[in-house]
2 protein chains.
Amino acid sequence: MIALYFKIASFNINSVRARKEMLIQWLGENKPDVVCLQETKVINADFPAACLLEAGYNSLFKGRKSYNGVAILSPHQINPLNSDLGSIAEPDEARLIAAEIKGIPIVNTYIPQGQSPESDKFSYKISWIKALKEYFDSNFKPDEPLLWLGDFNVAPEPEDVHAPKRLLGRVGFHPTEHEALDYVKSWGFKDIFRLHHQSEGGHFTFWDYRVPKALDRNLGWRIDHIWATAPLAKRSTKAWIDIEPRRKVKPSDHTFILAEFNIDS
Amino acid sequence: MIALYFKIASFNINSVRARKEMLIQWLGENKPDVVCLQETKVINADFPAACLLEAGYNSLFKGRKSYNGVAILSPHQINPLNSDLGSIAEPDEARLIAAEIKGIPIVNTYIPQGQSPESDKFSYKISWIKALKEYFDSNFKPDEPLLWLGDFNVAPEPEDVHAPKRLLGRVGFHPTEHEALDYVKSWGFKDIFRLHHQSEGGHFTFWDYRVPKALDRNLGWRIDHIWATAPLAKRSTKAWIDIEPRRKVKPSDHTFILAEFNIDS
DNA sequence: GGGCGGGGCG
DNA sequence: CGCCCCGCCC
């Protein structure tokens, strides 16, 4: 019997309207089973679902005007799951969407950026992250397959930023964020990229537009992630970052992170 | 001896930043000796001179933030001429630029639009037009070669608008504008396009973005012009409007008007 | 730097 | 409709 592979990806698209052509091209070239998008920046009525369907992808999306917005794309059937983080999250923020695809539950999050460690937005970010533990607890089981993908807006380890000493304490690489994320991770997640690239540095998914030549100088952050519970983690065959979309004419500030799983029964 | 042709063009580009790619493509395909641009909408520091030089064109430009802005492009040497309309014109308006190219003096104007016949801007437009007579008088001679190109924001004759009866009295086709323009024309200009298309209607250079399907329904105005003094007018071989750029993906609301002159000595 | 409005303008 | 700007956000 031949192996059955399941290829998934996460991408902060920074406007699905501005980048839908490149998205469709990428889907055609990479043929993933699932793509989780963040910062679609479009209300549901304007989500280019028809366009994506033509390209062979179903979509489940939750958007609002200007900010945030998440979506899950798949050539397979997408069965919506509970996507409500609960009381901690401001309503209609459009930062979390969940679905079951091919029997695998998938949670896609766009964690608040947090602005600066002194701001109210930072404490909101921390509460939002911690609320995820309760969300996972009420909806899933750590000993069953579960995928958590998205823009976490946190680089978990020193290898995940280009200048760990200088950046420690900055938003996105702050002890309080690490603590909050570890708290959720302890529920039962493995970092799938890190699993396949033990203590390797220099692998990033985000380069700030405002840093001159950030990509060429590789002044990036690994803040987009693919995490999974143990039963799926042990079936993961590889994980990688596709940097090419970030080299195109109109790149997002983020790029795609991918992982592949062997899901033979 | 073979004839020596001189091909000139005028184009209201409605932002040279937004349309520099199409401009460069058009220059490559049409290889004019001179192009006069209006509404470049850039300060001098941001004018894409290097870009145009790469495409084989020198440029002389005068711009301001947001509004107006004029430029003269040529593969030949561009010798600046007096570009000051005088006291009537508000300073730094960037509506007039003049140069000598291949021994021919060229004046490029972006005449004020005038808003509505009741507004102060309309009387400013009339004064501005009339001031041109004094400008031509002080700087040039009607019995010597002189080219005047630009967006005049006036359709001179009934054939120059799509609905002369309905539009008579509107800004751009108003008796007061006709009177002012005739006053300047009497200094010594010929309308080179009209010379080659006697009493032909339906030839327009501008279609309002706000009129639905204006181009398809040819609901236009001929408000961009190429005028010349007698010694040049008698050497004009043809004049035409290139409508193709207006059919492209990101058209200006105007298109190119062109003329060719035989300048054998 | 590059998305998103929103308001001014022709 | 499609430029311009500005301010907000990342």
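## The surface near DNA strand C and helix H3 of chain B

Helix H1 of chain A, which runs over residues 16-30, gives the most to the surface near DNA strand C, contributing 3 residues. The model is a predicted one. DNA strand C is surrounded by 15 residues, of which the closest are Ser15(A), Arg17(A), Lys65(A), Lys250(A) and Gln115(B). Of the atoms of DNA strand C that come within 4 Å of the protein, 64% belong to sugar and phosphate. The residues of the surface near this strand comprise 8 charged, 4 polar and 3 nonpolar ones.

Three contacts with DNA strand C, each involving a side chain of chain A, are set out below.

| Residue | Atom on the residue | Partner in DNA strand C | Distance |
|---|---|---|---|
| Arg17(A) | side-chain N or O | phosphate oxygen | 2.7 Å |
| Lys65(A) | side-chain N or O | phosphate oxygen | 3.0 Å |
| Ser66(A) | polar side-chain atom | sugar or linking oxygen | 3.4 Å |

Turning to chain B, helix H3 covers residues 120-139, and because a helix is expected to span 1.5 Å a residue, its 20 residues should span 28 Å, which agrees with the 28 Å between its end C-alpha atoms. The buried residues of H3(B) are Phe122(B), Tyr124(B), Lys125(B), Ile126(B), Trp128(B), Ile129(B), Ala131(B), Leu132(B), Lys133(B), Tyr135(B) and Phe136(B). What covers these buried residues includes, within chain B, the strands S6 (96-101), S7 (104-110), S8 (147-151) and S9 (189-191), together with helix H5 (175-185).

Definitions and conventions: Residues are numbered from 1 along each chain as its sequence is written. Chains are lettered from A and ligands numbered from 1 in the order in which they are written. This is a predicted model: local features need pLDDT of at least 70, side-chain atom pairs count only at pLDDT 80 or more; totals for chains, interfaces and linings use all residues. Side-chain values use heavy atoms; hydrogens and water are left out. Helices (H or I, at least four residues) and strands (E, at least two) are DSSP runs, numbered from the N terminus. The expected span of a helix is 1.5 Å times one less than its number of residues. Buried means under 20% relative accessible area, exposed over 50%, partly exposed in between (1.4 Å probe, protein chains only). Contact means heavy atoms within 4.5 Å. A residue is near a molecule or strand if one of its heavy atoms lies within 4 Å of it. A polar contact is a pair of N or O atoms within 3.5 Å; within protein, one must be able to donate a hydrogen and the other to accept it, and residues adjacent in sequence count only if both atoms are side-chain atoms. Ala, Val, Leu, Ile, Met, Phe, Trp, Tyr, Cys and Pro count as nonpolar, Asp, Glu, Lys and Arg as charged, and the others, Gly among them, as polar.
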